[in-house]
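Let us walk through a protein model and look at how its side chains and strands meet. Keep the structure open as you read.

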Amino acid sequence: MYKIDSHHHFWKYDPVEYDWITDEMATIRRDFKPADLRLETEKTGISGVISVQARESVDETLALLTYANANDFIKGVVGWVPLNDPNVSDVIGKLALNRKLRGVRHLLQGEPDPDYMLRKDFNRGIATLRQFGLTYDVLIYERQMPQTIQFVDRHPDQIFVLDHFGKPRVKARELSPWRERMFELAKRPNVHCKLSGLVTEADYHGWTEQQLAPYFDVALQAFGPERLMFGSDWPVCLVATTYANWVRIVAKHCSGLSPSEQERIWSGTAIKAYGLS
């Protein structure tokens with residue numbers, strides 16, 4: 001089965017640029033480049049990947065596109081652009097000349113203003129994405145889901161992808177109100193969800209597969225296989241598990257689905273949502 005990892009990062013580690021990498025995450029305080037990821041994908045049968053921004057920088061977007069041009073297994077890039085800039089369409093237009101640019105993301109989870117995504121200038125930027133055929137990745141904490149629902153409703157024709165299950169409170173073993181909000185968000189057919197980033201919302205060293213199971217169940221029930229996609233969140237996932245183990249866990253939780261449903265999660269949803277060729 002053709003498999004795509006829809007969410008990973010590359011970086012040249014800098015303690016200032018990546019100050020969010022705490023002492024508890026010290027294992028990822030190093031460089032991560034395409035050759036490192038290639039070792040992981042070859043061992044696990046992953047055929048292609050989508051590179052996602054980790055810094056709010058056009059320079060990083062350009063660097064990811066350069067990596068994608070040089071490495072055929074990188075099928076697409078979700079970059080960063082200044083969405084609240086009145087001239088953002090000019091910035092996107094230049095970047096989108098490279099067909100490997102398939103989406104855009106902003107680090108909404110890090111914005112002090114909980115209503116940042118509802119700002120007029122930000123939404124004006126979001127409204128420009130459709131003309132370039134770009135998807136928008138939604139990176140939020142569970143507490144931001146009410147605003148996210150309002151945000152998505154402003155753009156019914158824009159394709160959205162929710163990163164990391166919407167970051168539920170796994171460590172606290174809480175399902176509500178995340179569960180109810182996931183079902184509400186999933187009523188919007190233009191929203192998809194990544195099966196990624198769950199272990200890093202749990203206790204890095206004390207999580208269990210049994211603890212993760214209810215979150216998988218909710219995602220499957222809410223979005224269905226046709227709007228779910230596999231993502232590793234490598235190398236961030238390495239603070240809590242290995243790349244191969246996360247592939248195994250997702251495979252286990254999808255094993256009861258039909259072959260066609262599994263195919264959607266492993267590649268079909270990502271290909272459709274990001275318009276991969």
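Start with a charge above a ring. The charged end of Arg38 sits over the ring of Phe73, 4.7 Å from the ring centre. Lys3 makes a similar kind of contact: it lies over the face of Trp266, at 4.4 Å from the centre of that ring. Bear in mind that this model is predicted.

Now turn to rings that meet rings. Two values describe such a pair: the distance of the centres and the angle of the planes. The count for this structure comes to 18 aromatic pairs. One of them joins Trp11 and Trp20. Their centres are 5.7 Å apart, and 90 degrees separate the planes. The pair is edge-to-face, because an angle over 60 degrees earns that name. Are these two residues buried or exposed? Trp11 is buried, with a relative accessible area of 4%. Trp20 counts as partly exposed, at 34% relative accessibility.

A second pair is made by Trp178 and Tyr215. Here the ring centres are 5.3 Å apart and the planes stand at 50 degrees, so the pair is tilted. Find Trp178 in helix H6, residues 178-185. Tyr215 belongs to helix H7, residues 209-223. The pair therefore ties together parts of the chain that are 37 residues apart in sequence. Trp178 is buried, at 1% relative accessibility. Tyr215 is buried too, at 2%.

Ring pairs can also join up. Phe10, Trp11, Tyr13, Tyr18, Trp20, Phe32, Tyr67 and Trp234 are linked in this way into a cluster. Trp11 and Trp20, the edge-to-face pair from before, are among its members.

Next come the charges. Side chains of opposite charge can pair when their charged atoms come close. The structure holds 21 salt bridges. Take Arg105 and Asp163: their side chains meet at 3.1 Å, N to O. Which parts of the chain does this pair link? Arg105 lies in strand E4, residues 101-106. Asp163 lies in the loop between strand E6 (160-162) and H6. The two are 58 residues apart, so the salt bridge links distant parts of the chain. Arg105 counts as buried, because its relative accessibility of 3% is under 20%. Asp163 is buried as well, at 0%.

Glu184 has two salt bridges to look at. One is with Lys187, where the closest N and O atoms are 3.0 Å apart. The other is with Arg188, at 2.7 Å, N to O. How covered are these residues? Glu184 is partly exposed, with a relative accessible area of 28%. Lys187 is exposed, at 60%. Arg188 counts as buried, at 14% relative accessibility. Elsewhere, salt bridges that share partners join Arg105, Asp137, Asp163 and Lys194 into one network. The buried pair of Arg105 and Asp163 is part of that network.

Finish with the strands. Strand E1 covers residues 4-8, and five of its five residues are buried. Its neighbour in this account is strand E2, residues 48-52. E1 and E2 run parallel, and three bridges join them. Where does His8 find its bridge partner? The partner is Ser51, in E2. Helix H1, residues 34-44, completes the picture. Together, E1, H1 and E2 make a right-handed β-α-β unit. Arg38, whose charged end sits over Phe73, falls within the residue range of H1.

Key. Residues numbered from 1 in each chain as written. Predicted model: local features only at pLDDT ≥ 70, side-chain atom pairs only at ≥ 80, totals over all residues. Heavy atoms only, no water. Phe/Tyr/Trp six-rings, centres within 6.5 Å; stacked < 30°, edge-to-face > 60°. Buried < 20%, exposed > 50% of the residue type's maximum accessible area, 1.4 Å probe, protein only. Helix = DSSP H or I, 4+ residues; strand = E, 2+ residues; numbered from the N terminus. Lys NZ or Arg CZ within 6 Å of the ring centre and 35° of its normal. Salt bridge = Lys/Arg side-chain N within 4 Å of Asp/Glu carboxyl O. Pairing = 2+ DSSP bridges. Right-handed = clockwise from strand over helix to strand, strands pointing away.
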